[in-house]
Amino acid sequence: MDESFFKRRVSQRKAQSLAEKLLCVPLRLASAYLCVLLISLFLFFFPLPAQAQSQLERIPLTLDLLQERLHNPILREGNLTLDLRQMTIDLRPENASFRDEFYQVLRKELQKAGAKSLGLDLSNSLIQGDFVGSDLGIRTTIYPQAISPTFSPSEQEQIAQLRGVCLESLAMALPSSKDCRSLLRSQANLSSDISVFRGILTLQKTRFNGAVQFANTFFLQPVDAQGAIFNQSVNLMETRFSRAANFTGVVFRREVQLVNSIFFDKTDFKQAQFQEGAYFQDSSFQEDANFTQAIFKQLAKFSRSIWWKNADFSQVSFAGQTQFTRSDFNQSLLLTEATFEQAVTFREASFKLPVTLRSASILNLADFSDTNFTKSADLNVSGLGFNSNQAKILGNPGEIGKVLSVSGLQGNQNVLRNLGQNFRSLQQIADVNQLEYTKQQLRLIELARKLFGTNINTASAEKLIELGFSIAQVEAIIEYRRAELFRDRSELLALPNIDLDTYIQVGDRIIVSEPLLLGEWLLTAWSWFALSLLLLLSGYGTQVWLVFGVGIIAIAFFGLIYWLIDRFRRLHPVPILPNSDETYWILGSFCIFNIVGLLAIFRNAEQPWLTLGCLLLIILPIPITLIIRLYKIGRFHNQMDVSYFTEDGTLRQLRLLIGRLPVIPRNQAFRDRYMPILWDRRWNWLNYFDFSLNNLLRLGLMIFDCGMNIFLALFPVWHGINGVWEFCILLCYYGHFPGQFPV
């Protein structure tokens, strides 16, 4: 039994082994083939990144290979180039013999005299150890009469243009670079030289594991370092880039020194990453500089830099401190959607054209102290992300508020509110007032558009053509609004026939809103008119000197009118006229007051002539009409030898009566305390200006007490019209009831 059981077990094992051979082995082979096929398909449709391929395909550079590449340069874009792409170049100290031979051989070939220079291409290569690129250039003096004859005439002109840039920078400050100081001396300093790199330098996706040294180097041809990675420090101090410098997508993992560098052509640092300090002090950018979407993780220092063309820092992230101290911007500075996590300093900077901070974010401190904005420059803060409880904007009191601007009131009310709170916390009331004035100006523009703008939802075809739309564009607009009305102006760009140029051309003259009813239109028109007067005559109550100028002219004018009515009674039959001394004093003081008022208006009003015309249009017609009417009907009563103005003899203190008209007691006994003002005194002319000022203060305090801020600008004018009106009423009353009336 045991033997049979043992035989069965052996037979089962043989059967199992045979089954594995017949079934499992083919399945395993099929699975392996299937995996290989899937991997091949994946690599075919989803190839490895170029960086991974380059890492796999890099080959070590030897002296023999270097000699072979030197004898067989490639032709790239019409220039002979030494091809050292996708290689591993070991320049570490332990490989000193190769390193010394590498620099010696390479320097000899790159410095050869010839009509065309030899470029160097290190794309996708790995450089181990420090790379001293400045040793590959030709050492030469920077003076035109002593430049090495190795260079062609065009190359000598490129080197000679350095003196012109040094002279330009001299207008800003004394250059600190060694070569500029030498060029500006009266005698040549032959010890001052520079390393000139003649050919094109290509470093696309090159990886440098050691420090890179190109200090005091003059690049005569373009430098292309797109996607390069610098794992150690980069020294480009006093480097001159005669042609375009492309550092797009470069990663600087250690600090980069570009102090005193000059970029003669376009500069591109788009999407570059500066993981440690970036130093651009005293650098000069002769053409456009593009830092779009760059990242500065630590200190970014651009102090005393000069930007001759546009400087684009759009969507840049500044995680560390940023310094533009004493920098000079001759064209636009674009900081659109930039983020400043730490303090940014523009102290003593100079701006010739607008600075754009649209949709930027300031999370800490922005310092614009002692900055110089020309008349054509401003600070556009539309959509600025700014929280006054966490961040601050500093600037000279009374100046920074004048240069802030926004594109429109819609979407920027919170920005203006936060900026106002910022300046209020800094006790810069003049800047708070300026922001309020800017806000009301934008509100006036919106009201004007509602009244006089063309509503795209209701405008006729003829009106749309007058605006600048073509016939095809008008048909597209009409067809669109038949289905649904426009809700925003930007919906015009969704129409296939309307391009961006047309939208920009007509954008300021069209509105998108529901049609206004007659009552709504009249209310809007009144708000527009009242706000216009308020801005013209007082800057919405924010400009003290403008209010003073308007008020002193109104006081002088109505004081003269009161004096004329009171002292110039008649010519026939017996003349009742003021004496000559009083006439000289009143007319002289009237002229002085008007001169002071005009100076205040012309120095503080944005549109002084319009402000003055508006003031005269208000104060002249009604008072002049009332005076003409008064002299036409004459004054028939028996009190022609005393003044119409009286004073309350029971009071020995200044009292301002808050009321519309002076009170005339009905009981004759109560009138005994009022006595006519002294007529025969030399200082009598002061009483009339005093009455005008008193009337101004009474009406002004009454308006202020009632909270009627809309009339704040008009009370210097309205008080005089009111005074003349009540004066005429009381003269008519006086003709029937003899006796004086109180002031």
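Select Asp 90 and Gln 128 to begin: Gln 128, in strand E6, is the bridge partner of Asp 90. Strands (E, at least two residues) and helices (H or I, at least four) are DSSP runs, numbered from the N terminus. The model is a predicted one, in which local features need pLDDT of at least 70 and side-chain atom pairs count only at pLDDT 80 or more, while totals for chains, interfaces and linings use all residues. Residues are numbered from 1 along each chain as its sequence is written, and side-chain values use heavy atoms, with hydrogens and water left out.

**The parallel sheet**

Next, display residues 126–128, which are strand E6; 3 bridges join E4 to E6, and the two run parallel. Two strands are said to pair if DSSP finds at least two bridges between them. Then add residues 59–60, strand E1, which is joined by 2 bridges to strand E4 (residues 87–90), again in parallel. Here Pro 60 stands opposite Thr 88 in E4.

These strands belong to an open sheet of 12 strands with parallel pairing, in the order E1-E4-E6-E11-E15-E19-E23-E27-E31-E35-E39-E43. Its edge strands are E1 and E43 (385–386), each pairing on one side only. Further along, select residues 273–274 and 295–296: strands E23 and E27 run parallel and are joined by 2 bridges. Phe 274 faces Phe 296 of E27 across this pairing.

**The nonpolar core**

Keep Phe 296 selected and add Phe 102, Phe 131, Phe 291, Trp 307 and Phe 313; these six have the most contacts inside the largest nonpolar core, which has 95 residues. Among the elements that give two or more residues to this core are helix H3 (63–71), E4, helix H4 (96–110) and helix H9 (429–452). H4 gives the most, with 6 residues. A nonpolar core is a set of buried Ala, Val, Leu, Ile, Met, Phe, Trp, Tyr and Cys residues joined through side-chain atoms within 4.5 Å. Buried means under 20% relative accessible area, exposed over 50%, and partly exposed in between (1.4 Å probe, protein chains only).

**The salt bridges**

Now select Arg 76 and Asp 121, which form a salt bridge with the closest N and O atoms 2.1 Å apart. Arg 76 is in strand E2 (residues 74–76) and Asp 121 in strand E5 (residues 119–121), so the pair links distant parts of the chain, 45 residues apart. Asp 121 is buried, at 0% relative accessible area, whereas Arg 76 is partly exposed at 25%. A salt bridge is a side-chain nitrogen of Lys or Arg within 4 Å of a carboxyl oxygen of Asp or Glu; the count comes to 14.

Add Asp 83 and Arg 85, whose side chains meet in a salt bridge of 2.8 Å, N to O. Together with Arg 69, Arg 76 and Asp 121, these two are linked in a network of salt bridges.

Elsewhere, select Glu 287 and Lys 309, another salt bridge (3.4 Å, N to O). Glu 287 lies in the loop between strands E25 (284–285) and E26 (289–290), and Lys 309 in the loop between strands E29 (306–307) and E30 (311–312), so the pair ties together parts 22 residues apart in sequence.

**The cysteines**

Finally, select Cys 591, which is partly exposed at 43% relative accessibility, and Cys 614, which is buried at 12%. The structure holds 0 disulfides, a disulfide being a pair of cysteine sulfur atoms within 2.5 Å.
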